[in-house]
Amino acid sequence: MKKTIIITVGGLLFASLFYTQSLGINALLYSTFLMVALAISRKEILLKSSIIFSGIAMLSSAVAISVHGSAWSIAAYFLSTLMYIGYVASYRSSIYVSWLNGFYNAVFGIFHSFFYQLEPPKIGEPKKKIATGQVIKLIGIPSVLVVVFTVLYRSSNPVFQKALTAIDFSFIDMLWIFTAVLGAFIMANIHDPQPIKEVTARDQNYPNQLVPNALNDLQLKSVANESQIGFISILCLNILLCLVLITEILFLTSITDLEARILSDAVHQGVYASIVSIVLALGVIAFIFRGDVNFLKNNQKLRTLTYIWIGLNALLVVSICIKNYIYIQDHGLTHKRIGVMVYLFLTIIGLFTTYLKVTHRLNFVYLLRRNMAVGYVIIAIYALINWSAIITDHNIKADKIDQSYLESLLPQNALVLKEQGLYDLYSQQKSGYRYYSDPYNEAIFINRNWQEFNWIAHQLGLDHEDLPQ
Amino acid sequence: MKTFLNRLQKQNRISVQLAGISFAAETLDFLLYVASDYEPFISVGLGILLLAFLINAVMFLIVMANFFLGFVPFKEALFTIYILLLHIPIAVLYSYIALQFV
């Protein structure tokens with residue numbers, strides 16, 4: 001009974017909040033309902049830290065949607081919602097398994113008992129076969145009879161015809177009903193989330209620590225050879241990176257004399273290539289220290305070289321950061337330039353977790369777990385902030401105005417543009433920039449239903465009301 | 001997965017497998033198009049979509065007929081039909097994203 005009520009309310013709420021509406025405060029309301037519904041069905045695990053954390057992440061990204069509604073906040077909202085459902089299904093799993101469990105429940109939750117044969121199939125029961133046919137007959141035959149006789153009576157009785165014509169079913173919106181059914185289906189899928197048992201059990205039983213193997217002489221020799229190859233490789237890569245860093249220092253010291261185009265190339269191509277090289281470096285370290293090399297007694301030199309390489313890679317990150325910073329100072333902020341900074345921050349964390357992996361003899365799964373969790377947290381925090389407004393404010397104050405770029409950031413930067421007296425000009429979007437998303441339409445953006453509430457649209461609407469008629 | 005598929009009745013197993021194959025083909029074509037921006041992939045995608053639609057429509061009718069004749073348990077039929085219908089939003093999503101690039 002409780003289940004039926006939750007599913008029905010879920011469907012009706014889904015249709016009321018999302019049918020023909022843009023995302024706004026509806027995401028926050030639906031998330032709140034989802035939390036209450038899951039709390040009802042899973043009281044016992046409500047206060048687990050992973051569930052509290054993912055619930056807060058889901059609600060805060062929903063708040064970000066109703067405040068500025070950037071594409072990142074929407075992406076973070078979906079990621080957080082899947083994660084929340086996944087953690088309710090299994091609160092001790094890794095973050096990527098929680099996403100997998102969340103997706104599994106959102107799409108296939110209703111079939112969980114069927115997948116795991118939790119209830120026996122009901123084939124071959126004659127009662128059911130008769131019942132299905134009987135139901136069809138019960139509905140079909142009277143319906144046909146009623147329609148036929150209604151047509152006949154309508155022709156023979158003008159009063160009846162008039163009464164029939166007066167009946168107006170135009171208020172029934174079939175698409176609304178379809179959306180409600182879809183919402184009920186989604187709620188039926190997620191009202192009692194269950195994990196993918198095999199994957200979740202494997203994940204929960206997989207430790208972060210590497211386990212030493214008992215090796216015979218031949219295997220020991222092979223591991224020693226591997227360690228030797230690793231040592232020589234990392235030594236060569238250290239020397240190469242030292243040379244690269246010297247040229248980086250030379251480049252950074254001569255940067256004042258360089259043209260903007262050269263600086264731009266250095267940042268755009270150089271940054272991506274350097275980041276790929278650092279990610280590859282992490283891969284090489286993870287590969288060399290994947291197993292028994294960690295437990296060799298005389299691997300101290302290899303470890304030291306690895307720490308040096310991690311340190312040098314960190315220096316490379318710092319040099320990229322300086323280049324990007326100089327580029328921002330010269331040409332202003334953009335989403336891409338902020339993205340590079342975020343990427344560099346993630347890389348530093350990746351280097352640190354790799355250092356921990358080597359020091360504490362941890363496995364690759366540890367790297368995957370920690371780095372994905374940190375990556376998600378950074379994305380979730382990044383999505384809370386209205387970067388378009390910050391970029392616009394910074395660029396205007398620093399006098400680095402690129403009209404077409406600032407126009408492309410609408411509507412998230414609308415309030416800043418308004419404050420600076422540029423909104424009326426920029427909102428017309430006449431600079432000829434090719435937009436990848438739909439161009440900004442003020443009328444559509446401001447005239448929103450309550451479900452689509454957005455703080456920026458609300459403020460713009462208030463400003464319009466204040467204008468003298 | 002294999003064990004689960006083996007549990008299904010033959011026509012349902014084939015339906016699920018065909019839906020999986022057409023989903024994989026569409027996804028591959030979509031990813032190739034997004035990665036390369038090579039327009040003939042759109043035509044190939046439409047071809048795959050048409051073929052998948054025809055095959056899945058036939059399988060859908062077979063599954064429905066079997067269900068109404070009482071040869072298939074309710075949940076198994078529902079699951080198979082769901083997998084066949086799941087194809088529609090995925091195709092719409094791929095087409096929508098691909099059209100943004102054109």
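Okay, let's start with a pair of side chains: A:R42 and A:D192 form a salt bridge, 3.0 Å from N to O. Keep in mind throughout that this is a predicted model. What I like about this pair is how far along the chain it reaches. A:R42 sits in the loop between α2 (25–41) and α3 (49–67) of chain A, A:D192 sits in the loop between α9 and α10 (197–205) of chain A, and the two are 150 residues apart. So are these two residues buried or exposed? The arginine, A:R42, counts as buried, at 10% relative accessibility. Its partner A:D192 is partly exposed, with a relative accessible area of 30%.

How many salt bridges turn up over all chains? Searching the whole structure gives five. I'll show you two others.

Next up is A:R369 with A:D203, where the side chains meet at 3.2 Å, N to O. Here both partners are in helices: A:R369 in α15 of chain A and A:D203 in α10 of chain A, so this bridge ties together parts that are 166 residues apart in sequence. A:R369 is buried, because its relative accessibility is 12% and the cut-off for buried is under 20%. A:D203 is buried as well, at 8%.

Then there's A:E226 and A:R290, also a salt bridge, with 3.2 Å from N to O. A:E226 belongs to helix α11 (residues 217–253) of chain A, while A:R290 is in the loop between α12 (260–288) and α13 of chain A, and 64 residues separate them. In this pair, A:E226 is partly exposed with a relative accessible area of 30%, and A:R290 is partly exposed too, at 40%.

Right, on to the domains. The domain assignment splits out two pieces of chain A: domain 1 covers 217–362 and domain 2 covers 387–461. Where they touch, nine residues come from domain 1 of chain A and nine from domain 2 of chain A. Between them, these two domains bury about 690 Å², and 69% of that is on carbon and sulfur atoms. Which residues of domain 1 lose the most area to domain 2? In chain A they are A:L333, A:H335 and A:I338, which together make up 65% of what the domain 1 side buries.

What about charges and polar pairs across that contact? The count of salt bridges between domain 1 and domain 2 of chain A is zero. There are, however, four residue pairs in polar contact between the two domains of chain A, with both residues at pLDDT 80 or more. On the domain 1 side, the elements giving two or more residues are α13 (300–331) and α14 (335–359) of chain A. The largest share of that side, four residues, comes from α13(A). Sorted by class, the domain 1 side that touches domain 2 has three nonpolar, five polar and one charged residues.

Let me stay with helix α14 of chain A for a moment, since that's where A:L351 is. This leucine is buried, with a relative accessible area of 3%. What does A:L351 touch, once we leave aside neighbours within four places in sequence? The contacts are A:I278, A:L282, A:I310, A:N313, A:A314 and A:V317. For a sense of distance, A:L351 and A:Q451 are 100 residues apart in sequence and 44 Å apart in space, C-alpha to C-alpha.

Over in helix α9 (residues 174–190) of chain A we have A:T179. At 12% relative accessibility, A:T179 counts as buried. Not counting residues up to four places away in sequence, A:T179 touches A:F14, A:A15 and A:Y19.

Last bit: some backbone oddities. A:L410 and A:P411 are joined by a cis peptide bond, with omega about 10 degrees. The proline, A:P411, lies in the loop between α17 (403–408) and α18 (414–419) of chain A.

Two non-glycine residues with positive phi are worth a look as well. A:R361 has phi near 55 degrees; this arginine is in the loop between α14 and α15 (364–384) of chain A and is partly exposed, at 31% relative accessible area. A:D399 has phi of about 60 degrees and sits in the loop between α16 (387–397) and α17 of chain A. At 62% relative accessibility, A:D399 counts as exposed.

That's my tour, so over to you.

Conventions. Residues are numbered from 1 along each chain as its sequence is written. Chains are lettered from A and ligands numbered from 1 in the order in which they are written. This is a predicted model: local features need pLDDT of at least 70, side-chain atom pairs count only at pLDDT 80 or more; totals for chains, interfaces and linings use all residues. Side-chain values use heavy atoms; hydrogens and water are left out. Domain bounds come from an automatic or database domain assignment. Contact means heavy atoms within 4.5 Å. Buried area is the accessible area (1.4 Å probe) that two parts lose on being put together, summed over both. A salt bridge is a side-chain nitrogen of Lys or Arg within 4 Å of a carboxyl oxygen of Asp or Glu. A polar contact is a pair of N or O atoms within 3.5 Å; within protein, one must be able to donate a hydrogen and the other to accept it, and residues adjacent in sequence count only if both atoms are side-chain atoms. Ala, Val, Leu, Ile, Met, Phe, Trp, Tyr, Cys and Pro count as nonpolar, Asp, Glu, Lys and Arg as charged, and the others, Gly among them, as polar. Buried means under 20% relative accessible area, exposed over 50%, partly exposed in between (1.4 Å probe, protein chains only).
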